Amino acid sequence: MTQSLTIRRPDDWHLHLRDGAMLEGVLPESARHFARAIIMPNLVPPVVTGRDAAAYRDRILAALPEGMAFEPLMTLYLTEDTDPEDVAAAHASGLVKAVKLYPAGATTNSASGVRDFDRVRGVLERMAEIGLPLCVHGEVTDPAIDIFDREAVFIDRVLDPIRRKTPGLRVVMEHITTKEGVAYAGTAGDDLGATITTHHLIINRNHILAGGIRPHYYCLPVAKREEHRLALRAAATSGAPRFFLGTDSAPHIDALKEHACGCAGCFTATNTMSILAHVFEEEGALDRLEAFTSLNGPAFYRLPPNEERITLTKGETVDYPKKIQTGAGPVTVFEPGFPLLWRVAA
């Protein structure tokens, strides 16, 4: 049995760091194992211009503990007023690696997102010209559509039409949660990638609802039926280059998660690599863990893979903290529901 595995240092292609005291509290949890991360721009107010992105990057780097190495890869929040030339300039400078599309009202801090997709066509066409990826939160917000169907409907109503009308646009389907998402990503060309989260490989909707409501498993897109979780596991462990890790690790303080109207998000930054090693071992795919965490994402974003290596070892149960204490309040670490035997060697 394999007891040790060395891979290139991984990256996280979808990460929430928040700002202020929360940023200072959770940043070390990602920087400990990950070299780079695509940083989500849904702050309040959102990161909408190149100037906003530069200022946010500076705050992230200022919060990085001494001795830790971490590169934030910045994104812009797409609005109906986004200036295509500001986007192009931010990309040309090397600052911005992607633009994020939130349908208005789809998730946390998405009120400034897009309602009329025709109004962002100019931005998308400019992005296609310069090769800048569009990261998509793939859910419709139509109240007539069941929450468990919103990803599949988004593919048909929004994503596929956008791609057909904007040839050359490079798109990342973020945090896919359905077999339909896996299938659509799998049949497209190399201009389409898809991230898969840690928690969607572990939980289905029963984990949230059966036997009582578990707010720390509530996320958006919400976890679906077991058949969808299994499709995600097959995709993640397949080695296929279009699938790569985006944890969507999303910290909220416990007081806002354990609430009458709780926040969506699972905080997985702390123990993701241990969980993934467990999953890939279960699937007989430890030899493909490096592709999912360290190779496929950089290839899609046209960046070199990290030269640094990390080693995971299997042994006694790893005791991760149940909570991360931040200046904003305590944040509960995702509990996978099984012992974690793989650890990242110090």
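A salt bridge here is a side-chain nitrogen of Lys or Arg within 4 Å of a carboxyl oxygen of Asp or Glu. By that criterion Asp58 and Arg57 form a salt bridge, with their closest N and O atoms 3.6 Å apart. The model is predicted.

**Salt bridges**

The whole structure holds 24 salt bridges. Three of them are set out below.

| Acidic residue | Basic residue | Closest N to O distance |
|---|---|---|
| Asp11 | Arg36 | 2.8 Å |
| Asp58 | Arg57 | 3.6 Å |
| Glu227 | Lys179 | 2.9 Å |

The salt bridge of Asp11 with Arg36 has its closest N and O atoms 2.8 Å apart. Asp11 sits in the loop between β1 and β2 (12–15) and Arg36 in strand β3 (residues 36–39), so this pair ties together parts that are 25 residues apart in sequence. Asp11 counts as buried because its relative accessibility is 0%. Arg36 is buried as well, at a relative accessible area of 7%.

In the pair of Asp58 and Arg57, Asp58 is partly exposed at 44% relative accessibility, and Arg57 is partly exposed with a relative accessible area of 29%.

Glu227 and Lys179 meet through their side chains at 2.9 Å, N to O. This pair links distant parts of the chain, with Glu227 in helix α8 and Lys179 in helix α6 (residues 179–187), 48 residues apart. Glu227 counts as partly exposed, at 40% relative accessibility, and Lys179 counts as partly exposed, at 38%. Elsewhere, Arg8, Glu307 and Arg309 are joined into one network by salt bridges that share partners.

**Charged surface**

Asp146, Asp149, Asp156 and Glu180 form a negative surface patch. Of these residues, Asp146 lies in the loop between β6 (134–136) and α5 (150–165). Its relative accessibility is 42%, so Asp146 counts as partly exposed.

**Helix α10 and its cover**

Helix α10 spans residues 272–282 and is mostly covered, with nine of its 11 residues buried. The buried residues are Thr272, Met273, Ser274, Ile275, Leu276, Ala277, His278, Val279 and Phe280. Their cover includes strands β1 (4–8), β9 (243–245), β10 (309–314) and β13 (342–344), together with helices α8 (226–236) and α11 (289–300).

Which residues does His278 contact, leaving aside its neighbours within four places in sequence? They are Phe338, Pro339 and Trp342. His278 is found in helix α10 and has a relative accessible area of 17%; the cut-off for buried is under 20%, so His278 counts as buried. After α10 comes Gly284, with a positive phi near 65 degrees.

Thr198 is placed in the loop between β8 (192–196) and α7 (205–209). At 0% relative accessibility, this residue counts as buried. Apart from neighbours within four places in sequence, Thr198 is in contact with Leu245, Thr247, Thr268, Thr272, Ile275 and Leu276. Among these partners, Thr272, Ile275 and Leu276 are buried residues of α10. Between the C-alpha atoms of Thr198 and His91, which are 107 residues apart along the chain, the separation is 29 Å.

Gly262 belongs to the loop between α9 (254–257) and α10. It is partly exposed, with a relative accessible area of 26%. Beyond its neighbours within four places in sequence, Gly262 is in contact with Tyr218, Leu256 and Lys257. Gly262 and Thr107 are 155 residues apart along the chain, and their C-alpha atoms are separated by 12 Å.

**Backbone geometry**

Most residues other than glycine have a negative phi, and most peptide bonds are trans. Against that background, several places in the chain can be listed.

The peptide bond from Val44 to Pro45 is cis, its omega being near -5 degrees; Pro45 is in the loop between β3 and α2 (50–63). The bond from Leu220 to Pro221 is also cis, with omega near 0 degrees, and Pro221 lies in the loop between α7 and α8.

Asp248 is not a glycine, yet its phi is positive, about 55 degrees. Asp248 occupies the loop between β9 and α9 and is buried, with a relative accessible area of 7%. Arg302, likewise a residue other than glycine, has a positive phi near 60 degrees. Arg302 is located in the loop between α11 and β10. Is Arg302 buried or exposed? At 60% relative accessibility, Arg302 counts as exposed.

Terms used: Residues numbered from 1 in each chain as written. Predicted model: local features only at pLDDT ≥ 70, side-chain atom pairs only at ≥ 80, totals over all residues. Heavy atoms only, no water. Patch = residues over 30% accessible without salt bridge, like charges linked within 9 Å, V, L, I, M, F, W, Y side chains within 5 Å. Areas by Shrake-Rupley, 256 points an atom, 1.4 Å probe, with all protein chains shown as cover. Lys, Arg positive; Asp, Glu negative; His and termini not counted. Charge placed at Lys NZ, Arg CZ, Asp CG, Glu CD. Helix = DSSP H or I, 4+ residues; strand = E, 2+ residues; numbered from the N terminus. Buried < 20%, exposed > 50% of the residue type's maximum accessible area, 1.4 Å probe, protein only. Contact = heavy atoms within 4.5 Å.
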